[in-house]
Amino acid sequence: MIEVLAEKVNADPGLVRRGHYVSLDFLVGVGETDYIVAVREGRIVATNERRLPMDSVSFAIRAERDVWNEHWKPIPRRDRHDLFSMVAAGLATLDGDLLPFMQNLQYFKDVLAAPRTAIVEGK
Amino acid sequence: MPEFEPITGRYFTMTVADEAMRIYMEEAGSGVPLVCLHTAGSDGRQFRHLMCDPAITDHYRVIAFDMPWHGKSNPPVDYQNREYQLTTSLYKETVTAFCQAMELDNPVVMGCSMGGRIVLHLALEKPDEFRAVIALEGADRLEAYYDTEWLHRPDIHGGQISAAFVSGQVAPQSPDAYRHETLWHYMQGGPGIFKGDLYFYWIDGHFDDRSAQIDTSRCPVYLLSGEYDCSCTPERTEATASRIKGSKAIIMEGMGHFPMSENPALFRDHILPVLDEIRA
């Protein structure tokens, strides 16, 4: 589902607008696989699997694959429906420089939940 | 003339901890007084749907007030030189002062989140002053899962981060319009107020060592919590109910942390039988 992140975010003008001041790279860990998501002025310009250990990012958000898969369902189960609820339940971790993350918290929550609409649309 | 809602709002001044506090309150209906306490970082607008429901207002005088520092109530004079922090004793005194100022006779008090915690303290300490207490999303023991320092600092917008912190506390099934109205209240809170409330909610309000002493034969206790609440979880609600003998716990499926404002229609299904039972 991470593959559709850029398409879904960039197609949502309200979400891109709210992320206007976001230009950074962050990491999404889906199980054992790390992806680096590059954001420029709210748009996702790249989503690539991390190649080198030295590829660095501002912050990292990690959860197991089954947790993300549940998170991306139209009506996720409790504790998997929201990033903070995943953290509260011990199902997700946050590391790195959290300041830009917190400054744009709802934007990043919505970016991470964006694949949900792809499922609704049957993609 | 427009079709007015039945809610009326007024201001008055009451004394809390030896200080004059200008308070804003709203009410609708007549009958048994039902005092409603809003969540941390929000205000009394959360209860507007109850005040517009004749099934409730035909039997209850529904009253909601904004806590000092919240909504349209003033902060104290000299607020600019203070850091707001809600303690258990200050919260109890505020609710008690309100009920006394309004000359309420044996009211029912219903609070949500931090309001749901304080009503349990009131049931323990003043069981004969309240006809019943209803704790929405309220437990006697909670565990913080985030650092509240993020909520009040100059390089983060306090309103937006407060709303973003609690956005996941609204159930995914709740109507979008009410989800975002609930979050709007958080965006409008004063600087540091949500953080100051959470001192009571996360830290100072624990009393699982005393909650078993609540006498529900003198003051009935109802606990209603949403399935998607990740702070006052269904498990913590049921643990609280197990300690308060005679209390009644209801887990509301498909509901989050703000039942009265995030999904009024679903909440109605749960709260009407409780209010009918209290009145019977």
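**Sheets, helices and cores in a two-chain model**

In E2 of chain A, A:Thr33 is the bridge partner of A:Val30. Helices and strands here are DSSP runs (helices H or I with at least four residues, strands E with at least two), numbered from the N terminus. This is a predicted model, in which local features need pLDDT of at least 70 and side-chain atom pairs count only at pLDDT 80 or more, while totals for chains, interfaces and linings use all residues. Residues are numbered from 1 along each chain as its sequence is written, chains are lettered from A and ligands numbered from 1 in the order in which they are written, and side-chain values use heavy atoms, with hydrogens and water left out.

Back to the chain A sheet. Strand E1 (residues 24–30) and strand E2 (residues 33–40) of chain A run antiparallel and are joined by 7 bridges. They belong to an open sheet of 5 strands with mixed pairing, in the order E3-E2-E1-E4-E5; two strands pair if DSSP finds at least two bridges between them. Strand E3 (43–49) and strand E5 (92–96) of chain A sit at the edges, each pairing on one side only. On average, neighbouring strands of this sheet are turned by 20° against each other, direction ignored. Helix H6 of chain A lies across E1, E2, E3 and strand E4 (59–63), and runs at about 45° to E1(A). Axes are lines fitted to C-alpha atoms, for helices over the stretch in contact, and angles run from 0 to 180 degrees between N-to-C directions. In the loop between E2 and E3 of chain A lies A:Glu41, whose phi is near 50°, a positive value in a residue other than glycine. Most residues other than glycine have a negative phi.

Chain B has its own open sheet, with 8 strands in the order E1-E2-E4-E3-E5-E6-E7-E8 and, again, mixed pairing. Its edge strands are strand E1 (8–16) and strand E8 (248–252) of chain B, each paired on one side only. What about E4(B), whose residues are largely buried? Of its 6 residues, 5 are buried, so E4(B) is largely enclosed by the rest of the structure. Buried means under 20% relative accessible area, exposed over 50%, and partly exposed in between (1.4 Å probe, protein chains only). E4(B) runs antiparallel to E2(B), with 4 bridges joining them, and B:Ala28 has B:Val62 in E4(B) as its bridge partner. E3(B) and E4(B), by contrast, run parallel and share 5 bridges, and here B:Pro33 is partnered by B:Arg61 in E4(B). Elsewhere in the sheet, strand E6 (residues 132–136) and strand E7 (residues 221–226) of chain B run parallel, joined by 4 bridges; B:Val133 finds its bridge partner in B:Val221 of E7(B). H3(B) packs on this sheet, touching E1, strand E2 (19–28), strand E3 (32–37) and strand E4 (60–65) of chain B, and its direction makes about 120° with that of E1(B).

H3(B) also meets another helix. The axes of helix H3 (residues 88–101) and H4 of chain B come within 10 Å and cross at roughly 80°. H3(B) and H4(B) are therefore roughly perpendicular (angles under 35 degrees count as roughly parallel, over 145 as roughly antiparallel, 65 to 115 as roughly perpendicular and the rest as oblique). On the H3(B) side the contact involves B:Thr88, B:Tyr91, B:Lys92, B:Val95 and B:Thr96, which meet B:Met114, B:Gly115, B:Ile118, B:His121, B:Leu122 and B:Glu125 of H4(B). Contact means heavy atoms within 4.5 Å. B:Ser113 is in the loop between strand E5 (108–112) and H4 of chain B. B:Ser113 is buried, with a relative accessible area of 3%, and has a positive phi of about 60° although it is not a glycine.

As for the interior, the largest nonpolar core has 96 residues, and A:Phe26, A:Trp68 and A:Phe101 have the most contacts inside it. Such a core is a set of buried Ala, Val, Leu, Ile, Met, Phe, Trp, Tyr and Cys residues joined through side-chain atoms within 4.5 Å. Helix H4 (residues 114–125) of chain B supplies the largest share of the 96-residue core, 7 residues. A second, separate core of 29 residues includes B:Tyr60, B:Val62, B:Leu136 and B:Leu272. Helix H5 (residues 158–166) of chain B is largely enclosed by the rest of the structure, since 7 of its 9 residues are buried. Its buried residues are covered by elements including helix H4 (83–88), helix H5 (99–103) and helix H6 (105–113) of chain A, together with helix H6 (176–187) and helix H7 (193–204) of chain B.
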